[in-house]
Structure formats: structure tokens, C-alpha cells
Amino acid sequence: MASSKIENISPNFKKRNYKPAIIIISIILIGAIGVLAGLPGYEDFDAFDVTILPLLNAIFNTFTFIFLLFALLAIIKKNVTLHRRLIYAAFVTTSLFLVSYVTFHFLAPSTPFGGEGLIAGFYYFILITHIVLAAAIVPLALTSVARAWNMENERHRKIARWTMPIWLYVSLTGVLVYILISPYY
């Protein structure tokens, strides 16, 4: 049954193997962010106030969350075109986030969290789950899109059931991490 749906799409349709690109992009992104976490920051950088970048990160994460939420609502209403456009918008804001995030962590030293007690426990729980799931979302989101591009709708739905809530969590907790640590920049 699934093959008949693909045959009806277009006689020129050809599936592509995105797996190598997904693996390479995931390794490069996650590896670069891991390396940046260990760097001390660029000394004497004064071209602009780099502390504006975490605010931009939070703004980009907010837009990603909103786009994903509306993409979810669109697909629930079976509006595939709107869903696709909103997912692409989420990829754009996530990409802008990544550029801003990498720039900040290349230029600035790590900012320690200054809170204590219960708020510190809450912050580190959110931060650790955010980091782990942010690393996981890279290959998940890329695989979800690749399956959609290949018209593997059932496989796309199966992975998207995991990708969407994780990506929503990562984008929301990114904003929460910023709110909690912003007094210490």
C-alpha cells in the first residue's frame, strides 16, 4: 500500500540517501559545540558587547518553539503545506541560534551560574537535560526532514513523534536556561 502512494506522487521521484549527510552534520555540530565548551573565550574582544548574543539565542529559541508549536497544530489539522513551512521556519531560527551560540561561546568565557540551593538544582537539571536532548535533536530533526523529503510518510511520523516533543523541550528549556543565568552575565 505504501509503495502505491509513492508511485502516484511522480514517476520521476527518486529517494535520496541523506544518512551520510545527517551523520556528518551531526558530528560536526555536536563536536564543534563540545570543543567550544572547553575553550576559555577570546581575550580582549571589544568589537561589540557579546553578552547580547545569549539574548538573541533566547529570542531564536522562542521563535523556534512558536514555529514548532504551530507546525504541530497544522499537522494535527492535516495542513501539510503549512506544517512544512513552519518546520522550515523552525530550522531557520534554529540555524540562526546555532550561529549566535557558537559565536558567543567562541568569543566569551563560560558564565557560571550564581544561584544556590533549590534554584541551582532546578537550573542544573534543566541545563543537563537541555544539553543532552539538544545533542539528540540534531540527528533526529535531520532524519525527520529527510524521511519527509523521501516521502516515507509512515517512517517520518514514527520519528516525528519523538522529534517534535524533544525539539519543543529543547527550544523551551533554552529560553529557561537564559532566563535563569542572565543575571550572571
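Here are some short exercises on this structure, each with a worked solution.

Before starting, note that this is a predicted model, in which local features need pLDDT of at least 70, side-chain atom pairs count only at pLDDT 80 or more, and totals for chains, interfaces and linings use all residues. Residues are numbered from 1 along each chain as its sequence is written, and side-chain values use heavy atoms, with hydrogens and water left out.

**Exercise 1. The overall picture**

Find how many helices and strands the protein has, and the pattern they follow.

Solution. Start with the elements, which are DSSP runs numbered from the N terminus (helices: H or I, at least four residues; strands: E, at least two). The protein has 6 helices and 0 strands. Reading along the sequence then gives α-α-α-α-α-α. Finally, place the C-alpha atoms in a box along the principal axes: roughly 60 × 30 × 25 Å.

**Exercise 2. A charged residue in helix α5**

Decide whether Arg147 is buried or exposed, and which residues Arg147 touches.

Solution. First locate Arg147: helix α5, residues 118-149. Next, check its cover: Arg147 is buried (under 20% relative accessible area; exposed is over 50%, partly exposed in between, with a 1.4 Å probe and protein chains only). Now look for a salt bridge (a side-chain nitrogen of Lys or Arg within 4 Å of a carboxyl oxygen of Asp or Glu). Arg147 has none, and Glu152, the nearest side chain of opposite charge, is 4.7 Å away. Last, list the contacts (heavy atoms within 4.5 Å). Leaving out residues up to four places away in sequence, Arg147 touches Glu152, Arg155, His156 and Ile159.

**Exercise 3. Aromatic pairs**

Work out how the rings of Phe45 and Phe48 are arranged, then do likewise for Phe97 and Tyr101.

Solution. Begin with the rule: rings of Phe, Tyr and Trp (its six-membered ring) pair if their centres lie within 6.5 Å; planes under 30 degrees apart are stacked, over 60 edge-to-face, and the rest tilted. The count comes to 13 aromatic pairs. One of them, Phe45 with Phe48, is edge-to-face, at 5.3 Å centre to centre and 85° between the planes. Phe45 is partly exposed at 28% relative accessibility, and Phe48 is partly exposed at 38%.

Turn next to Phe97 and Tyr101: this pair is tilted, at 5.4 Å and 35°. They are 4 residues apart in helix α4 (residues 80-107), so about one helical turn separates them. Phe97 is buried at 14%, while Tyr101 is partly exposed at 24%.

To finish, group the rings: Tyr42, Phe45, Phe48 and Phe106 form one aromatic cluster.

Definitions and conventions:
Lys, Arg positive; Asp, Glu negative; His and termini not counted.
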